[in-house]
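Trainee: I should like to request a close look at one part of this structure, the salt bridges. Please take me through them in one connected account, and then relate them to the rest of the model.

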Amino acid sequence: MSLMQIVDFQVLGDDRGSLVALETGKEIPFDIKRVYYIFGTNPGVARGFHAHKALRQVAVCVSGSCRFVLDNGRRKEEVVLASPNHGLLIEHMMWREMYDFSEDCVLMVLASEHYDESDYIRDYDEFIKEAS
Ligand code: T46
């Protein structure tokens, strides 16, 4: 199975433009406890470089684009997020790295838990040990 679980969102459009609605239990397969977004990323910057023990997330590039690399400890895959119509479901115990943020990138992330630094695995060797 692909590591890249892309969720297609329904776009409600009319002559005014477009609207996407995201709801727990519909497009988002967990209770949304937190929303954050990353923007104004400087050129050449890479982010992420960690996994989460329990956190589940859906990442949406609501503007611009960026590249995600996901790694489950056995293999790595990458995808470019470039549409507000799709979300990337990132399950727990998945190492993630983000690259190639466009200047206009706004990366919105819906998260299943409140922020908790103790849920992060920021050391790749530790991640590989825990993932195996
Ligand atoms: C992830 C990827 C996609 C908070 O105080 N609250 C928060 O909700 C978040 C997400 C971060 N922070 C603090 C922790 C750090 O001092 O903001 C600072 C930057 O966070 P971090 O270096 O973890 O950012 P990224 O872009 O490397 O990773 C973030 C999320 O942390 C992470 O869960 O999956 O985006």
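Mentor: R122 has a relative accessible area of 46% and is therefore classed as partly exposed. Its side chain meets that of E117 in a salt bridge, with 2.8 Å from N to O. E117, at a relative accessible area of 36%, is likewise partly exposed. Please bear in mind that the model is predicted. Side chains of opposite charge can pair when their charged atoms come close.

A search of the whole structure finds 8 salt bridges, and two further pairs deserve attention. In one of them, E78 and R67 are joined through their side chains at 3.1 Å, N to O. Because E78 belongs to strand β8 (residues 76-81) and R67 to strand β7 (residues 66-71), this pair ties together parts that are 11 residues apart in sequence. The pair also belongs to a wider arrangement, since a network of salt bridges links R67, E78 and D100. The other pair is E77 with R75, where the closest N and O atoms are 3.2 Å apart. Here R75 has 35% relative accessibility, and so counts as partly exposed.

From these charged pairs one may turn to the ligand. Its shell consists of 13 residues, and R34, H52, Q57, R96 and Y120 are the closest. Sorted by class, the shell has 5 nonpolar, 4 polar and 4 charged residues. Strands β4, β5 (47-52) and β10 (95-99) each supply at least two of the shell residues, and β5 gives the most, with 4 residues.

Individual contacts with oxygen atoms of the ligand can also be listed. A polar side-chain atom of H52 lies 2.6 Å from a ligand oxygen. For G48, a backbone N or O atom lies 2.9 Å from an oxygen atom of the ligand. Y36 places a polar side-chain atom 3.3 Å from a ligand oxygen. On its own the ligand has 650 Å² of accessible area, of which the protein covers 69%.

Strand β4, one of the contributors to the ligand shell, spans residues 34-39 and includes F39. With a relative accessible area of 55%, F39 is exposed. Together with I32, V35 and Y37, F39 makes a nonpolar surface patch of about 410 Å². Strand β4 thus connects two topics of this account, because it supplies residues to the ligand shell and contains F39, a residue that is exposed at 55% relative accessible area.

Notes. Residues are numbered from 1 along each chain as its sequence is written. This is a predicted model: local features need pLDDT of at least 70, side-chain atom pairs count only at pLDDT 80 or more; totals for chains, interfaces and linings use all residues. Side-chain values use heavy atoms; hydrogens and water are left out. Patches are made of residues with over 30% relative accessible area and no salt bridge: like charges are joined within 9 Å, nonpolar side chains (Val, Leu, Ile, Met, Phe, Trp, Tyr) within 5 Å. Accessible areas come from the Shrake-Rupley method with a 1.4 Å probe; for residues, only the protein chains shown count as cover. A salt bridge is a side-chain nitrogen of Lys or Arg within 4 Å of a carboxyl oxygen of Asp or Glu. Buried means under 20% relative accessible area, exposed over 50%, partly exposed in between (1.4 Å probe, protein chains only). A residue is near a molecule or strand if one of its heavy atoms lies within 4 Å of it. A polar contact is a pair of N or O atoms within 3.5 Å; within protein, one must be able to donate a hydrogen and the other to accept it, and residues adjacent in sequence count only if both atoms are side-chain atoms. Ala, Val, Leu, Ile, Met, Phe, Trp, Tyr, Cys and Pro count as nonpolar, Asp, Glu, Lys and Arg as charged, and the others, Gly among them, as polar.
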